[in-house]
Amino acid sequence: MNWNALADSISKLTGTPFQIESAAPVGGGDIHNAYRLHSAEGNFFLKSNQSSQAALFETEANSLKALSSTLSITVPKVIATGVENDQAWLLLEYLELTPEGDDFQRGKDLALLHHQINETKQFGWFEDNFIGKTRQPNSWTSDWVQFYGQNRLLPQLKLALSNGASPVLMDKGMQLIDKLPNFFQTYQPEASPLHGDLWGGNSSFTHTGEAVFYDPASYYGDRETDLAMTELFGGFRPDFYQGYDSVFPLDSGYAQRKNLYNLYHVLNHFNLFGGHYANQSERMIQTLLDSV
């Protein structure tokens, strides 16, 4: 990364002089490079990747801005995004984070986000975005079952087949898509604004205990999808769920549907990383088919 050229780009985009005094690599993901930049204005967080990945940063910035506008959850402020010398980048405010904080309030914050139902009742988003590096289609529809089948499961199944998964996975996946209405006979999801990629690594706390959410892949969808992913890899304490339920209690059928929703992310993990996730996906599909 050419730091002087980057500083010039930031200055032009923000209309404010910006000078990078130091840049230190930091951990934080499997996909992008990350740095803490120090300037006269303070510290900033920079993510970078090849210029071909610019759309990932543009859509992430749009998700962060949309979530911030709800005034319900705290997200890092977007400073600017762009491309410089074949490097795409996203500049955010830098927040000192810790894994310990007020998990009950974190649950309440997420519930308040989910309460802001899309006035049009439509599921989707104003643009396609990305779950990891996988494109996530978000075409609008008023039918959640159609949206989840055609915009979530089907693209992942097709991609898995092209990535070497067994045709059995595709066949069983198509059977599951046909049976999706059975999971919603007594439950009608509403179009909540979602984080979209809410595993434990995408939320933490400031040193004052305030919850922060980041790395979103937002859209309007069933709020249960966010809750389900918090359980997929852990990282959220019981207080979190108690806080959520105190504001927006979950439907009793969530216990069955959470595995349906986490299937999307397990399929995506196969498409991103390969390995055992194909077998795990097939087992999940069979269990779901057996349940209906």
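A residue counts as buried when its relative accessible area is under 20%. By that yardstick, 51% of the 292 residues in this chain are buried. Keep in mind that you are looking at a predicted model. Here is a short tour, starting with the whole chain and then moving inside.

**The chain as a whole**
- The secondary structure adds up to nine helices and eleven strands.
- For 292 residues, a compact globule would have a radius of gyration near 19 Å, and the chain agrees with this because its own value is 20 Å.
- Measuring along the principal axes, the C-alpha trace spans about 60 × 45 × 35 Å.
- About 13,200 Å² of the chain is exposed, and carbon and sulfur atoms supply 48% of that area.
- Among contacts with a separation of 6 or more, 66% join residues that sit 24 or more positions apart.

**The largest nonpolar core**
- This core holds 62 residues, and those touching the most other members are Trp-144, Tyr-148, Leu-153, Leu-176, Leu-260 and Leu-263.
- Helix α8, which covers residues 254-273, is the top contributor, giving eight residues.
- Both domain 1 (3-94) and domain 2 (98-291) give residues to the core, so the core lies between them.
- Which residues does Tyr-148 contact, leaving aside its neighbours within four places in sequence? They are Leu-153, Leu-180, Leu-260, Tyr-261 and Tyr-264.

**A second core**
- Separate from the largest core is another one of twelve residues.
- Among its members are Leu-6, Leu-37, Phe-44 and Trp-89.

Methods:
Residues are numbered from 1 along each chain as its sequence is written. This is a predicted model: local features need pLDDT of at least 70, side-chain atom pairs count only at pLDDT 80 or more; totals for chains, interfaces and linings use all residues. Side-chain values use heavy atoms; hydrogens and water are left out. A nonpolar core is a set of buried Ala, Val, Leu, Ile, Met, Phe, Trp, Tyr and Cys residues joined through side-chain atoms within 4.5 Å. Buried means under 20% relative accessible area, exposed over 50%, partly exposed in between (1.4 Å probe, protein chains only). Helices (H or I, at least four residues) and strands (E, at least two) are DSSP runs, numbered from the N terminus. Domain bounds come from an automatic or database domain assignment. Contact means heavy atoms within 4.5 Å. The radius of gyration is taken over C-alpha atoms; the globule rule is 2.2 Å times the number of residues to the power 0.38. Accessible areas come from the Shrake-Rupley method with a 1.4 Å probe; for residues, only the protein chains shown count as cover.
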